[in-house]
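Open your viewer and get your selection tools ready. We will take this one step at a time, choosing something to select and then looking at what is there.

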Amino acid sequence: MVQFQDVTKGYPNGVLALRRVSLRVDPGEFVFVVGPTGTGKSTLLKLLYREESPTEGRVFVAGRDVSALPHRAIPELRRGLGVVFQDFKLLPSRTVFENIAFALRVIGAPPQEIRSRVIRALDLVGLAHRPDAMPGHLSGGEQQRISIARAIVNDPPLLLADEPTGNLDPNSSWEIMQVLSRINLRGTTVIMTTHNKMIVDILRRRVVQLAAGRVVRDQSRGLYAVDA
Amino acid sequence: MRSMRSTGFRRRTQRVLEQGTSFVADASASFRRNGLMTAAAVTTIMVALLVVGAAVLIGLNLGNIAEVVEGQVQVVAFLRDGLTSVEAEKVRTAVGAVPGVEEVEFVGRGEALQRLQQQMGEHAAFADLASTNPLPDSLEVQLTDPRSAPVVASVVARQPGVAEVTYGGEVVDRLIALTRGLRGVAALLTVFLTSVALIVVVNTIRLTVIARRQEIEIMQLVGATPWFVRWPFLIEGLFQGAAAAVAAVVVLGTVYLVGMLRLQVTMPFLPLAGPADAALPLLGSVLMGGFCVGAAGSLLAIRRFLTS
């Protein structure tokens, strides 16, 4: 599903966010990317949805080399994956329903399909009963579930989550993890960056650990950290 | 089969219409929201367009005048004061012998005054002139080829008894120089004012862009095409340009009509461009200019916020 080949990413200010990273994620996997702040976790995801392109090396998404993708092909790439952020990125002046429908409208989805697809996505994240609420009136966990619903409403085979529980209390974090696991069980590949030791240690999924831009550990059914 | 295709077509058309309607609604909403800035933008575009339109109108009329004058090229030799009719006849024969001259007609000073009076219309001022006619006797020289006017004029000027020679070409040359100068000044002014207008438009639309930055970010994230993101802002820019153009056309049109009527009373011999002739170039240049400034301004305003 995803492959990094010897990828190095340097920013104009001289920071090397990733150094010669090679990584392969198969369809249907659930991968935690862990490591301290500033070790290149977010950069790794940005290369996948082409917010950034690599300085060296190649990045493949669904068999396509996205490091060499022309600008006009980026919208097509992004329609094939969902992205979730720590800060939700919801539109505060629109209802829950409208926030999700927005993602379908701007890619020109047929209007007669929008309603049923939004309801289905809301159902999947357990918020089918609140389509008319405003995001500001909901808890952080609920807001994050809306943003997940928006990310998957187009049924992408790949879901990227950048610290999705970073702003949430433990209970809400568990709700989010349940939703992400359910989505993964339907066959969607999930790549999630996190600081949350407890979640990683309890779920025991594949763990890729980054340190100073390098992959220092890649372990299936791993823990957040390996004790010496 | 046929009905299926036509429902598909109808659905597509309906979608394009719905999308277009929502774009226009977005654009007009922000037109209302940023009222003061929008008014400033429309006004500055209008000022720039006034210069463009005025230059077009003046250029059009100078061109018209030059054309009319060019068609009447004729060498006129003014005779010295105090020549007897025999002496004048001698000059006429000499001028008639100059190569390139087809025909020479003697115009007495009395006749010249009458002609002038006819050309200028009935004005009281001429009554006084009848006693102290300031016009000299003259010879009107028809040429075999109007282009030889400068050469013929210089030969005729050397004939004894000829005080001064004019030919229409001088006027034409001066008109062309004037038109060229005017175009230069107008071009400089247009460039300057258009840049100012562009800066104001960019800043106005950037307000909308910033107000909707989050939406733009999400749109791009979920895979909206750059043109889908641009359309509402482009429409807003075109609105501003069109509003300014309409205002400029109204102002220029009114001023031109009033000015033309006045000029026709005082200087009826001027071949001015009528409203019908002036309308198309004026509308074309001003509307075109308005749309261009509006579109360029909005595209520049959103450029920085489009990552792809």
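Here is a short walk from domains to an interface and on to a single residue.

Before you start, keep in mind that this is a predicted model.

**Stop one: the domains of chain B.** Select residues 20–69 together with 173–303 in chain B, and you have domain 1. Now give another colour to 72–167, which is domain 2 of chain B. Place a marker at the C-alpha centre of each of these two domains of chain B: the markers will be 49 Å apart.

**Stop two: where chain B touches chain A.** Select the contact between the chains, to which chain B gives 15 residues and chain A gives 15 residues. On the side of chain B, look for helix 1 (2–33) and helix 8 (213–221), the elements that give two or more residues each. Which of the elements gives the largest share of this side? Zoom in on helix 8 of chain B, which supplies six residues, the largest share. Next, colour the side of chain B that touches chain A by class: you should find six nonpolar, five polar and four charged residues.

**Stop three: A:Pro135.** Move to chain A and select the loop between helix 4 (111–124) and helix 5 (140–152), where A:Pro135 is found. Is A:Pro135 buried or exposed? A:Pro135 counts as partly exposed because 19 other C-beta atoms lie within 10 Å, and a residue needs 20 or more to be buried.

Now show the contacts of A:Pro135 beyond its neighbours within four places in sequence: A:Leu90, A:Pro92, A:Val96, A:Asn99, A:Gln143 and A:Ile146. Finally, draw a C-alpha to C-alpha distance from A:Pro135 to A:Thr165, and it should read 17 Å, for two residues 30 apart in sequence.

Notes:
Residues are numbered from 1 along each chain as its sequence is written. Chains are lettered from A and ligands numbered from 1 in the order in which they are written. This is a predicted model: local features need pLDDT of at least 70, side-chain atom pairs count only at pLDDT 80 or more; totals for chains, interfaces and linings use all residues. Domain bounds come from an automatic or database domain assignment. Two residues are in contact if their C-beta atoms, placed from the backbone, lie within 7 Å. Helices (H or I, at least four residues) and strands (E, at least two) are DSSP runs, numbered from the N terminus. Ala, Val, Leu, Ile, Met, Phe, Trp, Tyr, Cys and Pro count as nonpolar, Asp, Glu, Lys and Arg as charged, and the others, Gly among them, as polar. A residue is buried if 20 or more other C-beta atoms lie within 10 Å of its own, exposed if 12 or fewer, and partly exposed in between; C-beta atoms are placed from the backbone.
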